[in-house]
Amino acid sequence: MKRHEMPMSDGIKKAIMQGEIREANERIGEALNETIGRLAGFSQEYDYADLPFVIAGMKIVAGSLELAMEESGRKFVDNLVAHTRCAAINISELLKQMKEEQEEV
């Protein structure tokens, strides 16, 4: 697992405190892109047919993690989700997996 020198949130807070809002927004985008990319990569370890289990598991884990957070953290999560319109998924890889699975049947 890749570790940063400091938590991503600390870099964002530092940029905000220095009045560098554009830098903070860029760091937020980078943090989301990295996190979403790693989760999407993890999901590709499973057969396409098992994606419902992967998604259900991710939602269950996310809900459990949110319960462990303070209210301010949960509000930040809600804000991030509300302001994120989409995540890029490698459709060609997904279609390739679907085709491979159909050929196996």
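**Reading the labels on a predicted helical model**

Trainee: Why does D50 count as partly exposed?

Mentor: Its relative accessibility is 29%. Buried would need a value under 20% and exposed one over 50%, so D50, at 29%, falls in between and counts as partly exposed. D50 lies in the loop between α2 and α3. Please keep in mind that this is a predicted model.

Trainee: How far apart are the C-alpha atoms of D50 and G63?

Mentor: They are separated by 20 Å, with the two positions 13 residues apart along the chain.

Trainee: Thanks! What are the mean pLDDT of the chain and the share of residues that reach 70 or more?

Mentor: The mean is 86, and 91% of the residues reach 70 or more. Among the elements, helix α3 (residues 51-68) has the highest mean pLDDT, 94, and helix α5 (residues 91-104) has the lowest, 73.

Trainee: Now to the packing. What makes α1 and α2 roughly antiparallel?

Mentor: Helix α1 (residues 8-17) and helix α2 (residues 21-43) pack at an angle of about 165°. The label is given to angles over 145 degrees, and about 165° passes that mark, so α1 and α2 are roughly antiparallel to each other. Their axes are 8 Å apart, and the crossing is left-handed. On the α1 side the contact is made by M8, G11, I12, A15 and I16, and on the α2 side by E23, A24, R27, I28, A31, E34 and T35.

Trainee: How do you know which word fits A24, buried or exposed?

Mentor: A24 has a relative accessibility of 3%. The cut-off for buried is under 20%, so A24, at 3%, counts as buried. A24 is part of helix α2 and, not counting residues up to four places away in sequence, touches I12, A15 and I16. By contrast, the C-alpha atoms of A24 and K99 are separated by 41 Å, the two residues being 75 apart along the chain.

Trainee: Why are α2 and α3 called oblique?

Mentor: They pack at an angle of about 140°, with their axes 10 Å apart. Roughly antiparallel needs over 145 degrees, and roughly perpendicular covers 65 to 115. An angle of about 140° fits neither range, so α2 and α3 are oblique to each other. The crossing here is right-handed. L39, F42 and S43 of α2 meet L51, V54 and M58 of α3 in this contact.

Trainee: How many aromatic pairs does the structure hold?

Mentor: It holds 1 aromatic pair, formed by F42 and Y46.

Trainee: What makes the pair of F42 and Y46 edge-to-face?

Mentor: Two values decide the matter. The ring centres are 5.6 Å apart, and the limit for pairing is 6.5 Å, so the rings count as a pair. The planes stand at 70° to each other, and the edge-to-face label needs over 60, so the pair is edge-to-face.

Trainee: Which word fits F42 and Y46, buried, partly exposed or exposed?

Mentor: F42 has a relative accessible area of 36% and Y46 has 35%. These values lie between 20% and 50%, so F42 and Y46 count as partly exposed.

Trainee: Why is Q97 called buried?

Mentor: Its relative accessible area is 11%, and the mark for buried is under 20%, so Q97 is buried. Q97 sits in helix α5. Leaving aside neighbours within four places in sequence, Q97 is in contact with Q44 and Y46. The C-alpha atoms of Q97 and D47 are separated by 7.2 Å, although their positions lie 50 residues apart along the chain.

Trainee: One more! Where is T84, and why does it count as partly exposed?

Mentor: T84 is in the loop between α4 (71-82) and α5. At 31% relative accessible area, T84 lies between the 20% and 50% cut-offs, so T84 is partly exposed. From C-alpha to C-alpha, T84 and L32 are 9.1 Å apart, and in sequence they are 52 residues apart.

Definitions and conventions. Residues are numbered from 1 along each chain as its sequence is written. This is a predicted model: local features need pLDDT of at least 70, side-chain atom pairs count only at pLDDT 80 or more; totals for chains, interfaces and linings use all residues. Side-chain values use heavy atoms; hydrogens and water are left out. pLDDT is the predictor's confidence in each residue, from 0 to 100. Helices (H or I, at least four residues) and strands (E, at least two) are DSSP runs, numbered from the N terminus. Rings of Phe, Tyr and Trp (its six-membered ring) pair if their centres lie within 6.5 Å; planes under 30 degrees apart count as stacked, over 60 as edge-to-face and the rest as tilted. Buried means under 20% relative accessible area, exposed over 50%, partly exposed in between (1.4 Å probe, protein chains only). Axes are lines fitted to C-alpha atoms, for helices over the stretch in contact, and angles run from 0 to 180 degrees between N-to-C directions. Angles under 35 degrees count as roughly parallel, over 145 as roughly antiparallel, 65 to 115 as roughly perpendicular and the rest as oblique. A crossing is left-handed if the near helix is turned anticlockwise from the far one by less than a right angle, and right-handed if clockwise. Contact means heavy atoms within 4.5 Å.
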